Amino acid sequence: MTLFEKIIARDIPADIVFEDDQCLAFRDISPQAPVHILIIPKKAVARIGAAQAEDQSLLGHLLLTAADIARRENIAPDGYRLVINNGAHGGETVPHLHIHLLGGRPLVWPPG
Ligand code: AMP
């Protein structure tokens with residue numbers, strides 16, 4: 001069981017900001033911006049590269065949920081960033097798909 005599956009199961013505590021039947025969103029334990037929230041599917045999809053055609057509506061739901069949370073966190077007017085790290089060079093450390101929602105300060109580009 002991955003770390004994020006344990007958070008879904010409430011075996012590990014997290015600061016949960018949103019939940020529905022398909023996804024869970026919680027604050028990153030090591031925030032890289034004033035707002036840093038992870039949006040994850042409840043389904044155990046390892047990474048975006050492992051998603052299948054059957055996950056199409058789930059992936060859309062995750063993105064729309066991220067935009068909703070950004071509005072609720074009041075970072076939408078100034079802007080924010082959504083990030084998905086995939087594999088070793090992408091910086092993925094937890095093998096359960098997650099979208100990083102980052103905002104609350106200007107973010108530099110390129111991301112390094
Ligand atoms: P990634 O490097 O894209 O795989 O992102 C994994 C993220 O999970 C990192 O930003 C970590 O800070 C975050 N993280 C690790 N453990 C926890 C935890 N127990 N609760 C919340 N976030 C976590």
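This text walks through the ligand site, the empty spaces and two backbone features of the structure above. The model is predicted.

Start with the open space. The largest pocket holds about 720 Å³. Its lining counts 32 residues, and D28, Q32, H36, N85 and H100 are the closest to its centre. Both helices and strands feed this lining. Helix 1 (3-8), helix 3 (87-90), strand 2 (23-27), strand 3 (35-41), strand 4 (80-83) and strand 5 (99-103) each supply at least two residues. Helix 1 gives the most, with three. By class, the pocket lining divides into 15 nonpolar, eleven polar and six charged residues.

What occupies the largest pocket? The ligand sits there. Around the ligand stand 16 residues, of which D28, N85, T93, H98 and H100 come nearest. D28, N85 and H100 are thus named twice: they are among the residues closest to the pocket centre, and they are also among those nearest the ligand. The shell around the ligand has seven nonpolar, six polar and three charged residues. Helix 1 and strand 2 each supply at least two residues of this shell. Helix 1 gives the most here too, with three residues.

Now look at individual polar atoms. One ligand oxygen lies 2.8 Å from an N or O atom in the side chain of N85. The backbone takes part as well. A ligand oxygen is 3.1 Å from a polar backbone atom of V94. A ligand nitrogen is 3.1 Å from a polar backbone atom of I29. Taken alone, the ligand exposes 500 Å², and the protein buries 83% of that.

Next, the enclosed space. Rolling a probe the size of a water molecule over the atoms shows where empty space is left. How many cavities of 30 Å³ or more does a search of the whole structure find? The search finds one. The largest cavity has a volume of about 30 Å³. Its lining is formed by A46, R47, I48, I84, N85, E92, V94, H96, L97 and H98. That lining has five nonpolar, three polar and two charged residues.

Some cavity-lining residues also belong to the ligand site. N85 lines the largest cavity, and its side chain has an N or O atom 2.8 Å from a ligand oxygen. V94 lines the cavity too, while a polar backbone atom of V94 is 3.1 Å from an oxygen of the ligand. H98 is another lining residue of the cavity, and H98 is also among the residues that come nearest the ligand.

Two backbone features remain. Which peptide bond is cis, with omega near 5 degrees? The bond from W109 to P110 is. P110 lies in the segment after strand 5, and strand 5 spans 99-103. The other feature is at R10. This residue is not a glycine, yet its phi is positive, at about 65 degrees. R10 is placed in the loop between helix 1 and strand 1 (16-19). Helix 1, on one side of that loop, is the element that gives the most to the pocket lining and to the ligand shell.

Note on methods. Residues numbered from 1 in each chain as written. Predicted model: local features only at pLDDT ≥ 70, side-chain atom pairs only at ≥ 80, totals over all residues. Heavy atoms only, no water. 1 Å grid on protein atoms, 1.4 Å probe; cavity = no way out; pocket = protein on both sides within 12 Å on 5 of 7 lines; lining within 4 Å. Points joined across faces, edges and corners; volume = space filled by probe spheres on them. Nonpolar A, V, L, I, M, F, W, Y, C, P; charged D, E, K, R; others polar. Helix = DSSP H or I, 4+ residues; strand = E, 2+ residues; numbered from the N terminus. Near = heavy atom within 4 Å. Polar contact = N/O pair within 3.5 Å; in protein donor to acceptor, adjacent residues only side chain to side chain. Areas by Shrake-Rupley, 256 points an atom, 1.4 Å probe, with all protein chains shown as cover. Sits in = over half its atoms within 2 Å of the grid points.
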